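I opened the notebook to record what I looked up in this structure. The entries follow the order in which I checked things.

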Amino acid sequence: MAKYYKITCSLLLIAGLIGGCKKDLPVDEDGLLITQRAECYVGNFELLGTDFVTVRSKTAVIDTTALTINVEVFFGTDLKNVYPQFSLATDCKLDPKIVGKVDLSDLSNPKTYTVISGNRLVKKPYKIIVKYQ
Amino acid sequence: MSKTATMRKLNNSRHFLFFLLLLSFAACKKEEYAIPDPVSELSNDCIKRTLGPNIVTLPIEFAYAMALPKAKGKLVSAQVEASIAGAAGTFLENRSFYTKSNGADTGITIGSPSVNDGKITKVTYTVDTSAATLRYFYVIPEEARGLSVSFTFSATSSDGKTASFKMGPYAISKMHMVKNMAVSNNNNAYISIENMAVYNSTTAVANAGKIDLVYLYRATPTAFTHALVSPAADPVYLPGVTLPAGVNRSAKVNKVFNLQDRNLANLQYGIYIDDKDFQEINLQTAPNYALGLKAEAGVWVETTDGKYRAYIFVNSVNANGSAVISMLRYTL
């Protein structure tokens with residue numbers, strides 16, 4: 001009986017050691033998991049006004065080759081205070097981060113947001129080109 | 001160690017575990033509700049029934065309950081003393097309310113109508129009763145604006161005892177409120193935050209220096225519809241508008257949706273705008289116009305002289321180019 005008990009304990013100990021020595025998955029400077037994924041694109045784009053209602057007059061056109069997002073907004077939209085929303089490929093992140101209202105009013109100098117892949121090796125800068133209805 | 005001794009030790013452990021198990025069951029036993037001791041003398045209690053900011057001209061409602069054992073006597077009077085005398089319309093109910101099984105509040109007259117004497121509102125009982133709950137409606141006076149007010153509720157009984165209950169202090173809002181102002185395209189279109197009023201092109205001239213916004217409706221472009229635009233905004237947002245002489249101010253305007261203040265929305269919804277909202281909102285980068293307003297949308301406004309902030313709520317809109325708006329204004 002004691003023999004079986006010892007064997008079981010030893011097996012559990014070995015299993016614990018193996019589990020305990022498992023290498024941690026890497027995380028980036030934001031504490032986000034770095035994965036194996038290399039996909040890097042914007043899937044969808046939304047632009048909200050201060051009332052959190054869309055200011056788009058039609059669906060944004062995302063060109064994943066030219067790396068542009070063309071969005072047409074309603075007449076009179078206050079582009080100094082808008083909230084862009086990006087839907088990214090799995091595990092991607094955006095740089096710079098969007099933490100509040102954004103000023104997109106300088107139409108001659110479109111803002112650029114860089115999408116970074118899950119493995120953090122691919123970086124694609126998307127330009128947001130806004131025009132009024 | 002002998003086998004018998006080992007067995008005995010094992011049995012002792014089992015008994016101990018069994019005992020622990022029983023103890024844990026007993027410990028988890030639900031406590032039975034016990035009827036509290038009945039009051040032995042005149043007692044009282046009070047709750048505040050109204051929620052949200054305390055705005056001048058609106059009432060604050062309380063429910064004041066008082067009781068004593070029947071053998072000790074009956075209630076003689078009830079009164080409330082406010083730290084600042086209430087405005088006209090302040091009263092203490094002379095009916096005691098109870099809730100019927102269908103949920104309806106039902107009042108039974110217990111005394112003569114209340115009498116206001118300065119800060120004191122009093123009801124004298126005319127029926128033989130030893131328990132009652134009276135509602136108190138304190139209409140907030142102009143003198144209390146920006147201050148705080150507190151209340152002392154008290155009751156007396158026929159055995160000479162007095163019970164009292166203090167409520168507050170409650171901060172009184174600095175906000176002013178005006179509800180249901182009709183605005184219409186090319187007519188009553190000129191809005192003054194300072195005066196909290198709407199003018200037409202003729203009367204606006206006399207208040208030109210106080211006009212902050214112009215209401216207009218344009219069916220095209222489709223995003224325009226109902227709009228509140230500063231007189232000094234880009235003329236592209238004032239198509240076809242000829243401003244009255246001297247109307248040239250620019251206000252910061254921030255459009256919002258789903259902010260239906262309960263007071264402005266005629267007691268719908270459970271959202272309240274309070275002084276703190278006006279103190280904290282940042283309108284520095286806000287434009288001087290808001291287009292595409294719908295019913296139940298609103299705008300935060302800051303006047304060009306920085307004297308006032310306001311929230312204008314759109315109660316309703318009509319496609320013929322008119323709307324009903326309500327306003328809360330805060331003096332900075």
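**Entry 1. Confidence**

I looked up where chain A is predicted with the lowest and the highest confidence. The lowest mean pLDDT in chain A, 65, belongs to helix α1 (residues 2-20), and the highest, 97, belongs to strand β6 (residues 112-116). I noted that pLDDT is the predictor's confidence in each residue, from 0 to 100. Helices (H or I, at least four residues) and strands (E, at least two) are DSSP runs, numbered from the N terminus. Over chain A the average pLDDT is 89, and 84% of the residues score at least 70. Where pLDDT is low, the predicted coordinates should not be read in detail.

I also wrote down the ground rules. This is a predicted model, in which local features need pLDDT of at least 70 and side-chain atom pairs count only at pLDDT 80 or more, while totals for chains, interfaces and linings use all residues. Residues are numbered from 1 along each chain as its sequence is written, chains are lettered from A and ligands numbered from 1 in the order in which they are written, and side-chain values use heavy atoms, with hydrogens and water left out.

**Entry 2. Backbone**

Most residues other than glycine have a negative phi, and most peptide bonds are trans. I looked for departures from this. The bond from A:Asp95 to A:Pro96 is cis, with omega near 0°, and A:Pro96 sits in the loop between β5 (93-95) and β6 of chain A. B:Gly168 and B:Pro169 are also joined by a cis peptide bond, with omega about 5°. B:Pro169 belongs to strand β10 (residues 162-171) of chain B. A:Phe52 is not glycine, yet its phi is positive, near 60°. I found A:Phe52 in the loop between β1 (42-48) and β2 (61-63) of chain A.

**Entry 3. Salt bridges**

I counted a salt bridge when a side-chain nitrogen of Lys or Arg is within 4 Å of a carboxyl oxygen of Asp or Glu. The search of the whole structure gave 18 over all chains. In one of them A:Asp28 pairs with A:Lys93, the closest N and O atoms being 3.1 Å apart. A:Asp28 lies in the loop between α1 and β1 of chain A and A:Lys93 in strand β5, so this pair ties together parts that are 65 residues apart in sequence.

**Entry 4. Chain B against chain A**

How many residues of chain B are in contact with chain A? I found 15, and they meet eleven residues of chain A; contact means heavy atoms within 4.5 Å. The two chains bury about 1,000 Å² between them, 56% of it on carbon and sulfur atoms. Buried area is the accessible area (1.4 Å probe) that two parts lose on being put together, summed over both. B:Ala223, B:Lys255 and B:Thr285 supply 33% of the area that chain B buries here, more than any other three residues.

There is one salt bridge between the chains. A:Asp51 forms it with B:Lys255, and their closest N and O atoms are 3.8 Å apart. Five residue pairs are in polar contact across this interface, both residues at pLDDT 80 or more. A polar contact is a pair of N or O atoms within 3.5 Å; within protein, one must be able to donate a hydrogen and the other to accept it, and residues adjacent in sequence count only if both atoms are side-chain atoms. On the chain B side, β16 (252-257) and β17 (289-293) each supply at least two residues, and β16(B) gives the most, with four.

**Entry 5. The domains of chain B**

Chain B is divided into domain 1 (43-171) and domain 2 (176-331), with bounds from an automatic or database domain assignment. Their C-alpha centres lie 40 Å apart. The contact takes six residues from domain 1 and seven residues from domain 2. About 560 Å² is buried between the domains, 67% of it from carbon and sulfur atoms. In domain 1, B:Pro53, B:Ile55 and B:Arg145 lose the most area to domain 2, together 67% of what that side buries. I found zero salt bridges across this interface and one residue pair in polar contact.

**Entry 6. B:Ser322**

Last, I checked B:Ser322, in strand β20 (residues 322-331) of chain B. Its side chain makes a polar contact with the side chain of B:Asn320, at 2.9 Å.
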